[in-house]
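Colleague: I'm new to this one, so could you put the structure up and walk me through it?
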Amino acid sequence: MSLLSLAIWVPIAFGALLLALGREQQTGMVRWLALIGALIGFVITVPLVTDFDSTTSAMQFVENLAWIERFNVRYHLGVDGLSVWFVLLTAFITVIVVIAGWEVITERVNQYMGAFLILSGLMVGVFSALDGLLFYVFFEATLIPMYIIIGIWGGPRRVYAAFKFFLYTLLGSLLMLVALVYLYTKSNGSFDIQTWHRLQIDLGPQKLLFGAFFLAFAVKVPMWPVHTWLPDAHVEAPTGGSVVLAAIMLKLGAYGFLRFSLPIAPDASRELAVFMVALSLVAVVYIGLVALVQQDMKKLVAYSSIAHMGFVTLGFFMFEPLGVTGAVVQMIAHGFVSGAMFLCIGVLYDRVHSREIASYGGVANTMPTFAAFAVLFAMANAGLPGTAGFVGEWLVILGTVKVNFWLGALAATTLIFGASYTLWMVKRVYFGPVANEDVRALKDLNAREFVMLAVLAVAVLWMGLYPKPFTDVMQQSVADLLQHVQQSKLPARPAI
């Protein structure tokens, strides 16, 4: 096995082991096994980045073995500059989630930890699959652990939220399977994604392919108007579920646009760019306004995630190197920042058992260390320069301005809305006098919570102050993707 196979199957193996232990096993041993499995998975992924050759856009760490020989389905893995950081991010967030649930989860601990480890391996599989059917299997399989996590450890309306999450994302993916079968026949019996990139397909079929991929990936991002499952899922999910959902699972849809929609249907991508840009700007502006009126902290951060992911799809369909690079950077940054925001909400919920903003006030008086972390992550969510949240948004705005100044100006309103709803929440929750006895009784961070938030704080500041390692890795892959798309028959830029 190479590194990619180990990154996929080691967490899954540990997850299966935890499930096999049964409920009656000592929870202490279960937690340590889960942490060991998550740490091994993370250590395995580190050489993928440190040994990555950023001078080429070719796939690296490739494995290509026979799987279903009759239909020429291959166990084909590899990563390039567009995917390698997401493999590392997935493994990193899994370690954080295991630590976050260490003391909080007291029932069915083995199943909880096992579900997250299995989910981690499946998501790494999505980011590294180079066979279309293998990608589809991993892509759909991720629904099962998350469905279980929301449905068992979620809030009072967890069954409703889990069903809504499952149905939205499953139904959106069914047409993608039809598209994959069409591409299989078009390529004379190959599921190889890189072979599909070289196919010459007429504009009409390209539009149908783009539509099929759009339904699968737009729901996952999620784009407006197919976003309504996300706030419900976030509100009802346990803290770890919200962290993984925001930090990683939303990126699966955006990654699908990069790997399938743009390179396989370049002409259709250009012709439908106006449509995609319009939906992205609605997410940036309208959803930002919706976030302003939320009274539930989880819902506020959930809506802010939709707005930030609107920036990602906007950057993709500007077809500018700055825009696409910024969109990929934004995906990584959003993984750090949104995960940290949900963890902070979880810290408060574990103590007060309320997510309502009105239940708090003056938290900084009783939890000063926690408040310092929470305000840092809130500033990153608002796009403060020097934090991870700024870099990607700024690059996307620059790329958009190069295409159309007024679209760039409209996109930049997210900096205003983001600051508005984030600072409004910070003011009401953390500052001012102590609001009630629940807040007065709060205890500051314990060692486990401090380590968890400190590691994320380092990541947010590192990426904000020195983003070069991230952009260098993806630069060549972005350039080659745009060169491929610009060879299409339509003009080099969207007619906006």
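Modeller: Gladly, and please keep in mind that this is a predicted model. A good place to begin is helix 5, where 9 of the 10 residues are buried, so that helix is largely enclosed by the rest of the structure.

Colleague: Which residues of helix 5 are buried?
Modeller: The buried residues in helix 5 are Gly-132, Leu-133, Leu-134, Phe-135, Tyr-136, Phe-138, Phe-139, Glu-140 and Ala-141.

Colleague: And what goes on at the start of helix 5?
Modeller: There, a side-chain oxygen of Asp-131 comes to within 3.1 Å of the backbone nitrogen of Leu-133. Asp-131 itself sits in the loop between helix 4 (109–128) and helix 5 (132–141).

Colleague: Where is the nearest side chain of opposite charge to Asp-131?
Modeller: That side chain belongs to Arg-74 and is 6.6 Å away, and Asp-131, although buried, has no salt bridge. A salt bridge here needs a side-chain nitrogen of Lys or Arg within 4 Å of a carboxyl oxygen of Asp or Glu, so a separation of 6.6 Å does not qualify.

Colleague: What else does Asp-131 touch, leaving out its neighbours in sequence?
Modeller: Beyond the residues within four places in sequence, Asp-131 is in contact with Asn-72, Val-73, Arg-74, His-76, Phe-191, Asp-192 and Ile-193. One of these, Asn-72, has a backbone feature worth a look, since its phi is positive, at about 60°, although Asn-72 is not a glycine.

Colleague: Why point that out?
Modeller: Because most residues other than glycine have a negative phi. Asn-72 is found in the loop between strand 1 (60–68) and strand 2 (73–79), and with a relative accessible area of 35% it is partly exposed. His-353 also has a positive phi, near 60°, and is likewise a residue other than glycine.

Colleague: Where is His-353, and is it buried or exposed?
Modeller: His-353 lies in the loop between helix 15 (321–352) and helix 16 (363–366), and it counts as exposed because its relative accessibility is 57%.

Colleague: Changing topic, which peptide bonds are cis?
Modeller: I can point to the bond from Val-221 to Pro-222, which is cis with omega near -10°, and to the cis bond that joins Trp-224 and Pro-225, with omega about 10°. Pro-222 is in the loop between helix 9 (203–220) and helix 10 (229–236), and Pro-225 lies in the loop between helix 9 and helix 10 too. As background, most peptide bonds are trans.

Colleague: Back to charges, how many salt bridges does the structure hold?
Modeller: The structure holds 10 salt bridges. Among them is the pair Asp-80 and Arg-259, whose side chains meet at 2.9 Å, N to O. Asp-80 lies in the loop between strand 2 and helix 3 (84–100), while Arg-259 is in helix 11 (residues 239–264), so this pair ties together parts that are 179 residues apart in sequence.

Colleague: Are Asp-80 and Arg-259 buried or exposed?
Modeller: Asp-80 is buried, and so is Arg-259. In another salt bridge, the side chains of Glu-103 and Arg-448 meet at 3.6 Å, N to O. Because Glu-103 lies in the loop between helix 3 and helix 4 and Arg-448 in helix 21 (residues 447–465), that pair ties together parts that are 345 residues apart in sequence. Glu-103 is partly exposed, with a relative accessible area of 48%, whereas Arg-448 counts as buried at 13% relative accessibility.

Colleague: What about the salt bridge between Lys-468 and Asp-472?
Modeller: Their side chains meet at 2.7 Å, N to O, and both residues lie in helix 22 (residues 468–486), 4 residues apart, which is about one turn of the helix. Lys-468 counts as partly exposed at 44% relative accessibility, and Asp-472 counts as partly exposed at 26%. Elsewhere, salt bridges that share partners join Glu-103, Arg-351, Arg-448 and Glu-449 into one network.

Colleague: Last one, which residues make the nonpolar surface patch?
Modeller: Val-159, Phe-163, Leu-167, Leu-171 and Leu-174 make that patch, which covers about 480 Å². Phe-163 is in helix 7 (residues 158–186), and it is partly exposed, with a relative accessible area of 43%.

Technical notes
Residues numbered from 1 in each chain as written. Predicted model: local features only at pLDDT ≥ 70, side-chain atom pairs only at ≥ 80, totals over all residues. Heavy atoms only, no water. Helix = DSSP H or I, 4+ residues; strand = E, 2+ residues; numbered from the N terminus. Buried < 20%, exposed > 50% of the residue type's maximum accessible area, 1.4 Å probe, protein only. Lys, Arg positive; Asp, Glu negative; His and termini not counted. Contact = heavy atoms within 4.5 Å. Patch = residues over 30% accessible without salt bridge, like charges linked within 9 Å, V, L, I, M, F, W, Y side chains within 5 Å. Areas by Shrake-Rupley, 256 points an atom, 1.4 Å probe, with all protein chains shown as cover. Polar contact = N/O pair within 3.5 Å; in protein donor to acceptor, adjacent residues only side chain to side chain.
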